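Biologist: Could you take me through one part of this model at close range? I would like to hear about a single sheet and what surrounds it.

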Amino acid sequence: MGVCEHVETLGQSLRAPSISDTVYKDECMRCFDSQDSENGVDVCLHCFHGGCATADNNSHQHAYNHAKEKNHPLAVNIKRRIKKSQVEKEEPPLKKLAIEEERDEDIHSYDYNLKCLECNAVYPSTSNSTIESQIDAIVKADSNAHKSEVKAWEEELTGCEHSVSISQTQVPKKDVQMSGAHCHACELSDNLWLCLTCGELGCGRAQFGGLKGNSHALAHFENTGHAVAVKLGTITAEGSADIYCYACNEERLNPNLATDLSNFGINIAAQVKTTKNLTELQLEQNSKFDFSMTGEDGHELQPVFGNWLTGLKNLGNSCYMNSTIQSLFSYEEVKKYYSELFAKLNKETVDDPANNLDIQLAKIADGLGSGRYSKQSRLGGQFQDGIKPAMFKNLIGKGHPEFSSMRQQDSEEFLGHFLEVLRRISKNTPKDLKNMFAFVAEQKLQCTSCNKVRYRYDNHDSLSVNIPVIEKGKVYDESSKSDKIAYEDVDMQDCLSALIQPEQLEYSCPSCQTQVNAIKTWKLDTFPNALVIHSRKFHLVNWVPTKLDIQVNGVEKVDVTQMKSQGRQEGEVDLPDSNDDKDDEIKFDGDSMTALTGMGFSENRSKRALINTNHSGAEAAMEWLFSHMEDEGLDEPIEVKETEENQDVPAELINTVAEMGFTQNQARKALKSTQNSVEMAVGWLFENPTDPGEEAPIKESSKGGEDDLINVVTSMGFTENQARKALRLSSNNVEMAVSWLFENPTDAGEEAAEPMDEDDSKPGHVNSPASYKLKAFISHKGPSVHSGHYVVHVKHGDNWILFNDEKVVKESETNLNSLLGKGYVYFYEKI
């Protein structure tokens, strides 16, 4: 068979993808056409970019345009088809996740054809051995999507001082009986952990889903100090296993596992994995939560299809992201802008579309809005396959320790992260869209003695409201077959009003130079153009944030007009700066210390109480002590030196607090306010829900020296934009920045931030009345924001549509009424 001149002349110059190359072969980089689409996907043989495989004037022509602009005419077309036996299978149950290996070759068949896009020619085969080996290498290469998923799922486990030095403390060699083994303290034969120091077998902690455990392995550590254990049944011949260090209270690596196990007569090469590891158990826990796909009458909810009725496939614990994306694209201005941007950018060449946020947002707009992908599953089921926002997830999470992972996250936290990234790197998105949820909050502090004031202004993207907890007795819960506490309904308008109620506190006035009463108020300086309300239904129960089942009424329409501040009043005088004369030592009021120690409190407890009440006097400190008498760490020595301005809180403490549903900035301030006590920090945050927290300090080395650091990195061959991004992600650590760049060689970096315009400091508007109607709401099912499942309801015309990842149905009125008041994040548009 004859071939065109491009195959003849360019074929010999092609090279196979190396380990550092990214191969985009699953789907088009600029739309959601994929291997499963009618025409498949074209993968460029020159640079491995993927594009939709059509060239007619009515299509997007992404592969064709790339070939033309880059002079890359040759591509391999990949089509994937479902095997007939798979199409005939019944749809699997909706509420089950099979943790078993399904081989791709059992499900799909593939067609590979050489194409010359310039000549519009297709060659099923060619005698050119270079091209054939090139195609074979692309077929075998890991795709970008697969690489990202594997990297995100990998736990960043490390060894610790206990797990890497077990042999130094091991008992003399002894054999452990594996067959018929059970816990040394009870009869449990599952969930067994082997102490790597002495060989004792103990049961683990009880796990979600019925895996029994009496924590005897933990008790063994507490009694002996033997810290490291391995879970039986998770050991593989390759040397992997679940290793846990009770001293660190973390999952760990043990590089010497084979040697350590041999001390107990266990040959690691003969081991076969027989039980679920910790990651699989977490997956199973999240898969147990699902929202009902049936109405109150018992009939299944009706699937719907069409424009803006396209589902998003769950990539593995990505329901928090999917529900947030659907909420954002429920707004007409967002739909319109990014749909028009897709059409505008369609014919333009972009060097790296996978790392261009505007391209990926436009791609999502086309995917959700065009209706092309809103059709029944190719497997024959009643629901959609959904589009896979893998490139978007990889891009938006890049460099972030949590959102780059496959772990479940908080949808409200993700919204804040997305908006921050959008403002920082989007070149096309207009400011009114970047700031559509933004408003300014005013905090006013006034001394009741001298009447002087202090104002503080902060930008926010959501209103976080505390949901009052009012118990009304116990009721029988049919699902758990036990009694549970029932709570009084609350009203959303009352929750909003509570935010602006004046708070009286004891205050050391820098003007009066004495302890006085002060009034603190929190109000809105501007109103957002679109409102987000985050309902805080998580409360501390035995120091564990637990979601309470409280019905919130009146969420369909809200009015925040009464929350508007009056601004600075004529004749008001500012309080002087209370830090003008501070030195390195924290000053404690002598009278307060005398009063507290006179009541029997130790000097250490008295100082801690004064710090935690902002030195507001003996009475406030005493009340704080009485309410925190059972706190762990109450008697730990406190640091009486002022924290240096550029010294940050340890990252592991910030992450611990942030995992409970707070932002990094909130966690940082709370920990600083409580001498780095995690338990007290969480309590402080629940007492100060509107406090936005504190930004990470700027390191001394970066003050005025950003250009110098960028020059250091660019001298190693990187671009200025790459250096800028790498330094930001590594907190200006040059060594870490360079390491990050070698791990992400194709990342284009980021432009220098544009100077802030004068009007940027005050987003929002001041027009009254400020009334809003509900547009979408995210619901959560499960005990924690970092587990369970998120779905979203979106107003679509006259109907409410439930988006449960790729499953899209029309919600019944009865279901809707029961779910409206149980939402987690509410999205409103201005009336």
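Modeller: Happily! Let's start with an open sheet of 5 strands, arranged in the order 7-6-10-11-12 with antiparallel pairing. Its edges are strand 7 (201–203) and strand 12 (250–252), each of which pairs on one side only. On average, neighbouring strands in this sheet are turned by 35° against each other, direction ignored. Please keep in mind that this is a predicted model.

At one edge, strand 12 pairs with strand 11 (residues 243–245) in the antiparallel sense, over 3 bridges. If you want a register point to look at there, Ile-243 has Arg-252 in strand 12 as its bridge partner.

Now move to the other edge. Helix 7 (residues 216–224) lies across strand 6 (192–195) and strand 7. The helix runs at about 125° to strand 7.

This is also where a database record comes in. An unreviewed UniProt entry carries the annotation "binding site" for Cys-183, Cys-186, Cys-203 and His-216. These positions are spread over 34 residues of sequence, yet they cluster in space, with a largest C-alpha distance of 8.3 Å.

Two of the annotated cysteines deserve a closer look. Cys-183 sits in the loop between helix 6 (144–153) and strand 6, and Cys-186 is found in the loop between helix 6 and strand 6 as well. Cys-183 has a relative accessible area of 0%, so it counts as buried. Cys-186 has 15% relative accessibility and therefore counts as buried too, because the cut-off for that class is under 20%.

Their contacts tie the picture together. Leaving aside residues up to four places away in sequence, Cys-183 touches Leu-188, Leu-192, Leu-201, Gly-202, Cys-203 and His-216. With sequence neighbours left out in the same way, Cys-186 touches Cys-203, Asn-214 and His-216. Cys-203 and His-216, which share the UniProt annotation, thus appear among the contacts of Cys-183 and among those of Cys-186.

To place this part in its wider setting, the protein chain has 26 helices and 30 strands. Of its 831 residues, 50% count as buried. Among contacts between residues at least 6 apart in sequence, 70% join residues at least 24 apart. The chain exposes about 40,400 Å², with carbon and sulfur atoms supplying 46% of that area.

Terms used
Residues numbered from 1 in each chain as written. Predicted model: local features only at pLDDT ≥ 70, side-chain atom pairs only at ≥ 80, totals over all residues. Heavy atoms only, no water. Helix = DSSP H or I, 4+ residues; strand = E, 2+ residues; numbered from the N terminus. Buried < 20%, exposed > 50% of the residue type's maximum accessible area, 1.4 Å probe, protein only. Contact = heavy atoms within 4.5 Å. Areas by Shrake-Rupley, 256 points an atom, 1.4 Å probe, with all protein chains shown as cover. Pairing = 2+ DSSP bridges. Axes fitted to C-alpha atoms, helices over the stretch in contact; angles between N-to-C directions. UniProt positions renumbered as here; feature names shortened; annotations may be inferred.
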